[in-house]
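Hi everyone, thanks for making time. I'd like to walk you through one pair of helices today, so have a look at the picture first.

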Amino acid sequence: MAEALAEARRAFAEGEVPIGAVLVVDGGIVGRGRNARERLNDPTAHAEILALQEASRALGRWRLSGATMYATLEPCPMCAGALVNARVDRLVYGVADPKAGAIDTLFDLARDARLNHRLQVDSGILAPECGEILRQFFQQRRKV
């Protein structure tokens, strides 16, 4: 999670909403991502999506079974759906997203029995740090 938080800090420095993600397979990071919607002018450039894309390229496969995604914020519906479709085994995230969370808050896409895959979920990991960087970012934005 510390590596995902480092990606969130990079996003903050780039003027992006500070969300970071890393994908781990066999104890090694195979994909990294940080929000890049503003920089890339791409509504799909979420940290989790970019980490999944990098991991798929690195591993040469789209099925990412055996992988764990670490994300600083609870994934949105798009990212939660991508985790399910990529067959990621486990999600670990920092803080809940009351406006768009699709894992525990608004929806439960990771464990929905109607879908073809389910993920193990652990939340609250480094939650104070993950939440603080988001608070700082939005506090700074309100001052502008």
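**Two helices side by side**

Let's start on the outside: A2 and A13 are the exposed residues on the face of helix 1 that points away from its buried side. Keep in mind that this is a predicted model.

So what about the other side of helix 1? There we have A4, L5, E7, A8 and A11, which are buried. Looking down the axis, they fall within an arc of 155 degrees, so they line one face of the helix. Strand 1, strand 2, strand 3 and helix 5 are among the things covering them. And just after helix 1 comes G15, with a positive phi of about 80 degrees.

Now over to helix 5, residues 127-143. Its 17 residues reach 24 Å from the first C-alpha to the last, close to the 24 Å expected. Buried here are C130, G131, I133, L134 and F137. Their arc around the axis is only 160 degrees, which puts them on the same side of helix 5. On the face turned away from that, you'll find P128, R142 and K143 exposed. The buried residues pack against helix 1, strand 3 and strand 4.

How do the two helices sit together? Their axes are 10 Å apart, at an angle of about 5 degrees. An angle under 35 degrees counts as roughly parallel, so helix 1 and helix 5 are roughly parallel to each other.

And who touches whom? From helix 1 it's L5, A8, R9 and F12, and they meet E129, C130, I133, Q136, F137 and Q140 of helix 5. That contact divides into 6 nonpolar, 2 polar and 2 charged residues.

Technical notes:
Residues numbered from 1 in each chain as written. Predicted model: local features only at pLDDT ≥ 70, side-chain atom pairs only at ≥ 80, totals over all residues. Heavy atoms only, no water. Helix = DSSP H or I, 4+ residues; strand = E, 2+ residues; numbered from the N terminus. Expected span 1.5 Å × (residues − 1). Buried < 20%, exposed > 50% of the residue type's maximum accessible area, 1.4 Å probe, protein only. Arc of directions from axis to C-beta. Contact = heavy atoms within 4.5 Å. Axes fitted to C-alpha atoms, helices over the stretch in contact; angles between N-to-C directions. Parallel < 35°, antiparallel > 145°, perpendicular 65-115°, else oblique. Nonpolar A, V, L, I, M, F, W, Y, C, P; charged D, E, K, R; others polar.
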